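Please open the model in your viewer and keep the selection tool at hand. The stops below are meant to be taken in order.

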Amino acid sequence: EHRKAIIMGIVALGVLAIAMGAAMLYINSRDEKASVALGDAMRTYTAQLRDPAAPASPEIKTFTSAKERAQAAVKDFNNVATEYSSTRNGKFARYMAGVADVEAGDLKGAEQNLSEASSFRDRDLSALAKFALASIYRDSQRDQDAIRLYQELIEINSVAVPKSRSDERRVGK
C-alpha cells in the first residue's frame, strides 16, 4: 500500500538530483567562461608597451601608452563584470576595472567601479576595493571619506588588507 508513495518519492529525488546536477554544470560552465574572459582582460591590462613609431605586431597585443592600455583593459574588465556579475571572477573584474580606471585617469569611473566592488559580500575583495577607493579619496583631498574607509578596514582586518596596512595608510606613513 505504500509502494506508490515510495516510488513517487524516489522519482522526486531523482528529478531533484538531476536538476541539481544540471545547475552545477551550468554554474561551473559560467565560472569557467568567466575565468577565461578575466584572463583575456588581464592580458590586456599587462600587455607590452611599444614605441609609438614601432609597428604593431599582429601576434601580440601591444599599446603605445599605459593610458591607452588601461582604457582597453577597463573596457574588457567591464565586459567581464557585466557578463559574469554573479561569479567571483566577474566581481574581481569589477574591482580591476576600478584599478585600471585609475591608471587611465578616469577617477569618476574608478570611484564608481570601486564603490560597487566595495559592497560585495566577499570580505577580501571588498577590502581591496575599499583600500583603493580610500587612496583615491585621500589623493583628491576627500580626507573624511578616506578616514571613514580606513577605519572600516581596520575594523574588518581582512587577509587582503590587514589591520597594520590599513593603519599605515590611514596615518600617512
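## A tour of two helices

Begin by selecting I18, which lies in helix α1; helices here are DSSP runs of H or I with at least four residues, numbered from the N terminus. This is a predicted model, in which local features need pLDDT of at least 70, side-chain atom pairs count only at pLDDT 80 or more, and totals for chains, interfaces and linings use all residues. Residues are numbered from 1 along each chain as its sequence is written, and side-chain values use heavy atoms, with hydrogens and water left out.

I18 is exposed, because its relative accessible area is 64%; exposed means over 50%, buried under 20%, and partly exposed in between, with a 1.4 Å probe and protein chains only. Add N78 to the selection, and you will find its C-alpha atom 34 Å from that of I18, although 60 residues separate the two along the chain.

Next, select I7, which is also placed in α1, the helix of residues 3-45, and which counts as partly exposed because its relative accessibility is 43%.

Now move to helix α5, residues 123-139, whose 17 residues should span 24 Å at 1.5 Å a residue, and whose end C-alpha atoms are indeed 24 Å apart; the expected span is 1.5 Å times one less than the number of residues. Twelve of the 17 residues in α5 are buried, among them L125, F131 and Y137.

Finally, select Q141, just after α5, where phi is positive at about 65°.

How values were computed:
Helix = DSSP H or I, 4+ residues; strand = E, 2+ residues; numbered from the N terminus.
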